[in-house]
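Student: Could you take me closely through the surface where the protein meets the DNA, one strand at a time? I would like a connected account rather than a list.

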Number of protein chains: 2
Amino acid sequence: MTADGQRTGGGQRTGGERDKTVGRDCSIAGALGVVGEKWSLLVLREVLLGERRFDQIARNTGASRDILAARLRGLVERGVLARRQYEQRPPRDEYVPTQAGRELAPILLALMDWGDRHVTEGPPPTRFEHDCGAELEPELACRHCHARVTAGSTRLLRLGSVG
Amino acid sequence: MTADGQRTGGGQRTGGERDKTVGRDCSIAGALGVVGEKWSLLVLREVLLGERRFDQIARNTGASRDILAARLRGLVERGVLARRQYEQRPPRDEYVPTQAGRELAPILLALMDWGDRHVTEGPPPTRFEHDCGAELEPELACRHCHARVTAGSTRLLRLGSVG
DNA sequence: AATAGTCAGTTGGAAAATCCAACTATGCTG
DNA sequence: CAGCATAGTTGGATTTTCCAACTGACTATT
């Protein structure tokens with residue numbers, strides 16, 4: 001689990017193996033290699049919500065404690081979370097998001113929005129308000145023209161090869 | 001695997017079990033219950049890229065054929081993909097994205113962007129151009145004020161409970 | 001000082017998911 | 001019919017995950 005996987009590895013391969021039957025060279029696969037394991041994104045959700053202690057994260061995600069310990073270790077290794085002592089008397093550590101971890105927040109919000117619209121029945125269980133005062137309805141936009149980005153509004157410039 | 005999971009189920013639970021030690025009621029968990037299994041998002045990537053045949057998807061993702069068959073079946077059941085005959089003479093089916101599936105494209109693009117910036121070394125293996133002519137650099141924006149949405153620009157209005 | 005409680009994990013063994021190569025099934029083509 | 005292509009399925013090995021119970025460090029209580 002030597003924090004490699006990147007470039008060609010990554011993929012969906014859970015462990016930290018070496019490329020064998022790789023698949024397409026692709027940063028989606030790379031990203032999933034870092035946060036795509038079971039429970040990782042839910043752990044990150046809790047941390048971003050401010051829940052930073054082991055027991056709470058375990059309770060709120062539903063992950064079993066051994067897997068949670070493994071995920072936290074992995075996310076710290078890969079730079080998504082950092083571990084910090086927040087109390088000395090009983091020496092206690094907490095997990096906080098790194099910059100890279102905070103930059104996953106939009107992805108979680110987009111996933112939440114999709115889940116609200118396509119899987120959750122009834123009203124959204126969790127809701128956010130944006131700084132502008134409106135209830136958050138996120139959408140992906142182009143940084144340049146600020147128009148919405150959808151499946152049909154892009155054209156492929158270059159495609160990663162299939163290693 | 002009765003396409004339930006939703007509301008409270010979903011979670012990270014891979015099979016289609018019933019809530020036991022659920023975790024927070026949350027549409028992120030719900031969404032991951034639909035597309036969070038290993039390989040699902042890479043399969044969707046291929047389908048959205050236009051690769052719609054079994055063998056190609058297998059090759060381009062690196063998933064083994066049995067798992068791929070299970071994923072395709074699951075994604076069709078859950079309404080992310082649809083199966084359609086594209087040829088009669090040798091009767092052949094292809095997998096195409098549904099509307100819900102196409103609406104996952106922004107999430108894949110956001111993941112790709114994050115991967116480009118935080119895990120892939122070197123230049124992005126895959127690049128898109130937006131309709132506006134600029135190379136795509138996606139960001140999450142508020143549908144109302146069109147400002148960028150980051151980890152710090154939202155406030156929690158309501159939080160799903162921990163079932 | 002013993003006892004109990006909290007927190008953050010670790011352990012061992014069972015269950016489930018994934019991997020892999022080989023095989024089947026269907027229809028076409030020569 | 002033999003050979004090829006596509007789309008899976010099968011069986012068995014390997015890897016992950018689950019689960020409950022346990023450890024270890026420290027604090028609070030009596």
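**The protein surface around the two DNA strands**

Tutor: In the surface near DNA strand D, a polar side-chain atom of Y95(B) is placed 2.9 Å from a phosphate oxygen of that strand, and since this is a predicted model, that distance, like the others below, is a computed value. Chain B makes further polar contacts with the phosphates of DNA strand D: R73(B) brings a polar side-chain atom to 2.8 Å from a phosphate oxygen, whereas D55(B) is involved through a polar backbone atom, which is 3.3 Å from a phosphate oxygen. R73(B) is also listed, together with W39(A), D66(A), R71(A) and R65(B), as coming nearest among the 22 residues around DNA strand D, a group that draws on both chain A and chain B.

Turning to the elements behind this surface, α4 (65-77) of chain A and, from chain B, α3 (54-61), α4 (65-77) and β2 (92-97) each supply at least two residues, and α4(B) gives the most, with 4 residues. By class, the residues near DNA strand D comprise 12 charged, 7 nonpolar and 3 polar. On the DNA side, 63% of the atoms of DNA strand D within 4 Å of the protein belong to sugar or phosphate, and the rest belong to bases.

DNA strand C can be read in the same order. There are 22 residues around DNA strand C, of which R65(A), R83(A), D66(B), R71(B) and R89(B) come nearest; of the atoms of DNA strand C that come within 4 Å of the protein, 62% are accounted for by sugar and phosphate. R83(A) has a side-chain N or O atom 2.8 Å from a phosphate oxygen of DNA strand C, and K38(B) has a side-chain N or O atom 3.2 Å from a phosphate oxygen of that strand. For R92(A), the partner of the side-chain N or O atom is instead a sugar or linking oxygen of DNA strand C, at 3.2 Å. Two or more residues of the surface near DNA strand C come from each of α3 (54-61), α4 and β2 (92-97) of chain A, and from α4 of chain B, with α4(A) providing the largest share, 4 residues. The classes in the surface near DNA strand C are 12 charged, 7 nonpolar and 3 polar residues.

To place these elements in their chain, chain A has 6 helices and 5 strands, which follow one another from the N terminus as α-α-α-α-β-β-α-α-β-β-β.

Conventions:
Residues numbered from 1 in each chain as written. Chains lettered and ligands numbered in written order. Predicted model: local features only at pLDDT ≥ 70, side-chain atom pairs only at ≥ 80, totals over all residues. Heavy atoms only, no water. Near = heavy atom within 4 Å. Polar contact = N/O pair within 3.5 Å; in protein donor to acceptor, adjacent residues only side chain to side chain. Nonpolar A, V, L, I, M, F, W, Y, C, P; charged D, E, K, R; others polar.
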